[in-house]
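Subject: Structure for your review

Dear colleague,

Please find the structure below, together with its sequence. I would be grateful if you would look through it before reading the notes that follow.

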Amino acid sequence: MAACMSENGSDKKLEFFLKVPFPSEREATIALQSLSPDPEPRKGGITKNLDVSGQTLSVRWTADEARILRVSVSSFLDHLSLVMETMDAFGPPVSQ
């Protein structure tokens with residue numbers, strides 16, 4: 001897992017990037033589908049973009065405030081942990 005936080009140029013937005021490797025592209029896609037339906041609860045101030053490339057789930061946050069960013073990332077990591085524990089408990093996905 002790799003992460004990076006930066007301040008985005010003149011508009012002073014904070015950005016946080018997270019890359020999570022999975023054993024297979026199918027498992028990365030399952031994680032994406034499980035985590036995508038949750039929109040950010042707060043209107044404005046933060047955006048979250050998820051994408052899968054090969055076996056890697058990538059997430060990018062952009063926020064106006066560090067506190068909002070921290071809460072969103074923390075909540076996402078809790079959900080990600082649950083998704084990974086569930087996939088681990090049921091074993092590798094069956095091919096379709």
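Is Glu15 buried or exposed? The model is a predicted one, and in it Glu15 has a relative accessible area of 9%. Glu15 is therefore buried, since the term applies to anything under 20%.

To place this residue, it helps to begin with the chain as a whole. The chain contains two helices and four strands, and their order along the sequence is β-β-α-β-β-α. The chain has 96 residues, of which 31% are buried. Its accessible surface amounts to about 6,200 Å², and carbon and sulfur atoms account for 54% of that area. If one takes the contacts between residues at least 6 apart in sequence, 53% of them join residues at least 24 apart.

I then turned to the salt bridges, of which the structure holds three.

Glu15 takes part in one of them: its side chain meets that of Arg60, with a distance of 2.6 Å from N to O. This pair connects distant parts of the chain, as Arg60 belongs to strand E4 and Glu15 to strand E2, 45 residues apart. The partner of the buried Glu15 is partly exposed, for Arg60 has a relative accessible area of 30%.

Another salt bridge joins the side chains of Lys13 and Asp64, again with an N to O distance of 2.6 Å. Here too, distant parts of the chain are linked: Lys13 lies in strand E2 (residues 13-21), while Asp64 lies in the loop between strand E4 (56-63) and helix H2 (66-90), and the two are 51 residues apart. Lys13 counts as partly exposed at 26% relative accessibility, and Asp64 is partly exposed as well, at 41%.

The remaining salt bridge is formed by Arg67 and Glu65, whose closest N and O atoms are 3.7 Å apart. The distance is within the 4 Å cut-off, so the pair counts as a salt bridge. Arg67 is partly exposed, with a relative accessibility of 48%, and Glu65 is likewise partly exposed, at 34%.

When you open the model, I suggest starting with strand E2, where both Lys13 and Glu15 are found. From there you can follow each residue to its partner: Lys13 to Asp64, and Glu15 to Arg60.

Yours sincerely,
A colleague

Conventions. Residues numbered from 1 in each chain as written. Predicted model: local features only at pLDDT ≥ 70, side-chain atom pairs only at ≥ 80, totals over all residues. Heavy atoms only, no water. Buried < 20%, exposed > 50% of the residue type's maximum accessible area, 1.4 Å probe, protein only. Contact = heavy atoms within 4.5 Å. Areas by Shrake-Rupley, 256 points an atom, 1.4 Å probe, with all protein chains shown as cover.
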